[in-house]
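Trainee: Could you walk me through one part of this protein up close? I'd like to look at a greasy spot on the outside and then see what lies around it.

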Amino acid sequence: MNRSRLLSSLIVIILIFSFFSECSIASPSNKSNKKTVYLIVLNRYTLQDIENMPNLRNIVNEGSIGLMNTRGLYNYKGSESFLTINSSKKAYSTYESAETYNLNKENREVYERRISPITGDSQIANINLNRIIELNKENSYMPYIGALGDSLHNSGLKTAMYGNGDTLEDAIRASSLIAIDSKGLIDYGNVDNILIKDKNFPYGFRTDYDKLLDEVNGIKDKASLVVIDTGDLDRLNFYSKELTDDIFEKHRINILNKIDGFIGDLKNSIDKDKSLFIITSPNSGEDRVDNSKLSPIILWGDGISKGILYSPTTRRDGVVANIDIAPSIANFLETSTEYMSGNTMTYKKNNDNFNVISTSNLRINIISKSRFYILSTYSILSIIVILIAMLVLITKVKLKGILYNILSILLIIIGIIPLSLILISLIKWTNYAGYIISLVVILFLLVLGVYKLKNVDKVLLISSLLYGILVLDVFLGGKLSRYSVLGHDPTIGARYFGLGNEMIGIFLGATSVFLGVYTNKHRSKVFLFVLLIFSAIIVGHPKLGANVGGSIAVLFFILYFLVETFNKKINFKRILIIGLAAIVFILTMAFIDIKFNSSPTHLGRTLVTTNNEGNLMISSIAIRKLLMNIKLVGSSMWTKVLNVNLISQILITFVLKDKLRDLFDKNKYIYIGFISGIVGSIIGFLANDSGIILASIAVTLINISFISKLVEYIIEEQN
């Protein structure tokens, strides 16, 4: 490649970097009026409940609604989700460690004996704070306990907490974890004396909503954050096993009516222009009503119009994370978001917001519950097809007629299934039957179309379709894979945007095959070089997802491809150079993320956190990824898929080594593409917390392409 071509390529790369980089950061509002956030906890409420709550439905019609990932460190239930909101990082606690009480003389003595002297006028304290600290000492996310409370207190603002979810047996005070500071203290409130006897409610008592309203109205000019636990839905959940379906439904209707009346009265008593309502369920919904792991979250108040919620954390319309609540409160009150890993929620105008979110929730749940079964089916089919192909090849059965047609169709099916699983998002199904029928129809049409095409390189066609669709999906923000089992599952919340491990596996496999076969046909090294660099940017650029482990895998694939292309021998020095190049690329992406992205991705935030907290953050991330890989390798179907692929390649190579030598001697770049893809898969396995999935999918696509090319070569020899 001459210098002018190299310079032109570098200019193109720089332009691509510039195109995707933001140049401005929005400034917060400078309003001087005192503002108040009311965080109303309706724990375990669902989207169906909103339809039966007229006051809450009016708030949705005037505000914005979304679905919230409720996961704490381990689960979607219990007090850990509440603590995660305050910490804005995944945290863990128990109901016992969440015990918070009004600071009467006795409780003050207990707190000061356990924690520290109280110097201010706090009215509420968590007396088991040290248990929370101990529970999170080994937490690799390193949460800052009380990040939201400290943010407000450091700005001279006050916090308040009202209500509880107590039962006859236990003190359920998880909502207080949202408002505590790092000392476990809250300025104002009442968590002890807020219940009233009522025989028509679970346990024979309920929240005294009249008293709750009076006390909240009495404090609203003093506190900037008021957390309100309505409590009764929690009590119903704990009492649920004692109730028939009819009585359960009767209690639930009574509770929702009481809560709805309280919300309406509170809304009428505050100044909307100085207030923000956040109405949410920190836990996932009531199982007897809706077993969705995502819960509704509603924002109403100053600066909020009718729409659906959005957060840079998820980059997905209508879906936010529980770690976004604290930054949103801090941003509204103009306090610091330091130590918070989430982002400020915004909204996108939508006049049909409730129906849009309801439909989205339905589709997300279908995909989430189908994911394991669909991917397991694909895994099993891949194993069967590869074993059949291997047996046909190593037994040297003559490939002709029905056997050849069946083998060709089976290989096409395994290659086309990932494309079908992506394109299924484009169909407007809303139930399981519609989903399965749509998937089967798309798969049938694609397989039939590819099989019927004559004088077309089917391996090149399938790999180029996969590559093109994935690139398009990245630029469209994941709209093609939004409701795909290969895309991100927002109920899990490991990643929400960019290419996840399943997609990286497809991308790596398809890219290695596509570039190998295409370059072998056209011999265009300039096109090859530009497309390789472009592929690295697709995976690594912060505006497109910044999948660090995926970027490392793709970079090793790219650099190995280039080394082989220019006939350079692999030695320790070149391996070291490839590793250093990967590190430089990742750091460059991180720099762009921090400097030009108003809401940095995991990559940028990790680098900033590492700078603040030292190498402990890097080691905790590495340990978390390693443990996840060990867990998946030991239990995952993908391990079997990878083993079958590797064994089949070894046996085919051993039995047909002469034919393979001839095939690859005549098709150098096909060989380079295949071997480079396998190198990238190995690195992807090592560099990702679920790398076995990435490696298995990539190697499967590479292996079926390898087998297809070998079959084509054998057929040519036979003719």
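**The surface patch and the cores**

Mentor: Ile437, Val441, Phe444, Leu445 and Leu448 make up a nonpolar patch on the surface, together offering about 480 Å² of accessible area. A patch like this takes nonpolar side chains (Val, Leu, Ile, Met, Phe, Trp, Tyr) joined within 5 Å, from residues with over 30% relative accessible area and no salt bridge, that is, no Lys or Arg side-chain nitrogen within 4 Å of an Asp or Glu carboxyl oxygen. Areas are Shrake-Rupley values with a 1.4 Å probe, and for residues only the protein chains shown count as cover. Keep in mind that this is a predicted model: local features need pLDDT of at least 70, side-chain atom pairs count only at pLDDT 80 or more, and totals for chains, interfaces and linings use all residues. Residues are numbered from 1 along each chain as its sequence is written, and side-chain values use heavy atoms, leaving out hydrogens and water.

Take Leu448: it sits in helix α14 (residues 432-452), helices being DSSP runs of H or I, at least four residues, numbered from the N terminus. Leu448 is partly exposed at 35% relative accessible area (buried is under 20%, exposed over 50%, partly exposed in between).

Now Tyr435. Leaving aside residues up to four places away in sequence, Tyr435 touches Ile366, Ile367, Ser370, Ile374, Leu421, Ile424, Trp429 and Val485, where contact means heavy atoms within 4.5 Å. Along with Leu266 and Ile279, Tyr435 has the most contacts inside the largest nonpolar core, of 152 residues; such a core is a set of buried Ala, Val, Leu, Ile, Met, Phe, Trp, Tyr and Cys residues joined through side-chain atoms within 4.5 Å. Helix α25 (residues 691-718) gives this core its largest share, 16 residues.

Technical notes: Buried means under 20% relative accessible area, exposed over 50%, partly exposed in between (1.4 Å probe, protein chains only). Helices (H or I, at least four residues) and strands (E, at least two) are DSSP runs, numbered from the N terminus. Patches are made of residues with over 30% relative accessible area and no salt bridge: like charges are joined within 9 Å, nonpolar side chains (Val, Leu, Ile, Met, Phe, Trp, Tyr) within 5 Å.
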